[in-house]
Amino acid sequence: MKKTIVLAILSAICLKAGAQSLPFLLYNTDPRSLSVASVAREGNAAADALSGRKLDISASYGSWAPETTASSMIGFGGYGNFGRCSAGLSAKYKIGNEYEMFGDNAQSLGTFRPGDLAIGASFAYKVADPFSIGLRLNYISSSLAENAEGTAFGADITLAYKKDSFGASLAVRNIGSQISYGASSYKLPALVSAGASYSIKSFAAYLEAGYVFSGSFMAGAGVEYTVIDIFSFRAGFHYGDAKSVPTFVSLGLGINFHGAMVNASYLPAIGGNGSAFLVGVGYSF
């Protein structure tokens with residue numbers, strides 16, 4: 001009976017995600033990029049190599065759809081540039097809402113809190129001054145219920161270009177093994193995405209588009225305006241669906257003082273799933 005309940009939960013989650021496991025891999029835990037409606041350029045190793053920074057580290061925490069799924073999101077990212085080479089580490093953890101399990105005769109089997117974890121190591125090389133190529137390797141762990149846990153390995157391949165005020169990137173993400181929870185195996189939410197940015201003085205604009213191989217298209221646009229090189233105001237619009245990341249509008253605020261950063265993003269509504277709020281701190285030079 002207990003195994004039946006576990007499999008039922010697993011089936012319901014996969015059907016809700018459009019027969020796609022681990023949708024959290026498509027969620028952005030960086031408040032800076034989420035504020036401009038970007039979900040595809042998180043952890044772009046190739047773009048990191050062209051950032052002009054020697055070191056960039058950040059950590060974030062937030063609530064994702066507290067009105068429905070009541071999930072918490074924790075993120076960490078950091079990279080360093082050394083000549084033509086760049087290396088970094090990243091991690092994100094989604095903590096689900098605790099639920100009670102039942103067995104025969106409606107007997108309580110205790111409670112369980114599901115969770116998903118992705119830990120990555122990235123490497124990038126600046127091929128020429130405006131071009132770079134990057135690779136990120138990810139270890140993925142997912143726990144839906146007792147006796148329903150699985151692991152997988154994935155990779156992101158990224159290309160980036162940056163010249164003066166214009167930047168562009170191309171990425172193929174979440175290419176790797178399938179994940180099995182003991183009954184069936186499920187593919188990672190692989191996707192291909194392209195993005196572009198343009199900045200002039202205190203203003204920056206961002207565009208991106210992506211296609212999830214399970215059959216979902218998404219796109220986003222965002223703007224950023226910075227005042228006296230300290231306060232940044234951000235906004236964006238993301239188009240998506242339940243198979244990837246639902247449609248949302250994003251708002252954000254950032255404070256940068258001598259490399260120390262505080263960033264926050266707010267999504268008033270994520271499709272019909274509720275709102276989201278993330279806040280993060282970081283340092284770069």
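This passage describes the overall build of a predicted model and then the aromatic pairs within the chain.

The chain comprises 3 helices and 18 strands. For its 285 residues, a compact globule would be expected to have a radius of gyration near 19 Å, and the chain agrees with this expectation because its own value is 19 Å. The C-alpha trace spans about 65 × 35 × 30 Å along the principal axes. Of the 285 residues, 46% are buried, and among the contacts with a separation of 6 or more, 49% join residues that lie 24 or more positions apart. The accessible surface amounts to about 13600 Å², with carbon and sulfur atoms contributing 65% of that area. The chain carries 20 positive and 18 negative charges, and the mean positions of these two groups are 7 Å apart.

Within this framework, 6 aromatic pairs are found in the structure. In one of them, the ring centres of Tyr27 and Trp64 lie 4.5 Å apart and the ring planes meet at 20 degrees, so the pair is classed as stacked. This pair links distant parts of the chain, since Tyr27 belongs to the loop between helix 1 (2–16) and helix 2 (31–34) while Trp64, 37 residues away, belongs to strand 1 (residues 55–64). Tyr27 is buried, with a relative accessible area of 11%, and Trp64 is likewise buried, at 6%.

A further pair is formed by Tyr161 and Phe166, whose ring centres are 6.3 Å apart and whose planes stand at 55 degrees, so that this pair is tilted. Tyr161 is partly exposed at 26% relative accessibility, and Phe166 is also partly exposed, at 36%. Together with Phe131, Tyr161 and Phe166 make up one aromatic cluster.

Technical notes: Residues are numbered from 1 along each chain as its sequence is written. This is a predicted model: local features need pLDDT of at least 70, side-chain atom pairs count only at pLDDT 80 or more; totals for chains, interfaces and linings use all residues. Side-chain values use heavy atoms; hydrogens and water are left out. Helices (H or I, at least four residues) and strands (E, at least two) are DSSP runs, numbered from the N terminus. The radius of gyration is taken over C-alpha atoms; the globule rule is 2.2 Å times the number of residues to the power 0.38. Buried means under 20% relative accessible area, exposed over 50%, partly exposed in between (1.4 Å probe, protein chains only). Contact means heavy atoms within 4.5 Å. Accessible areas come from the Shrake-Rupley method with a 1.4 Å probe; for residues, only the protein chains shown count as cover. Lys and Arg count as positive and Asp and Glu as negative; His and the chain ends are not counted. The place of a charge is taken as NZ of Lys, CZ of Arg, CG of Asp or CD of Glu. Rings of Phe, Tyr and Trp (its six-membered ring) pair if their centres lie within 6.5 Å; planes under 30 degrees apart count as stacked, over 60 as edge-to-face and the rest as tilted.
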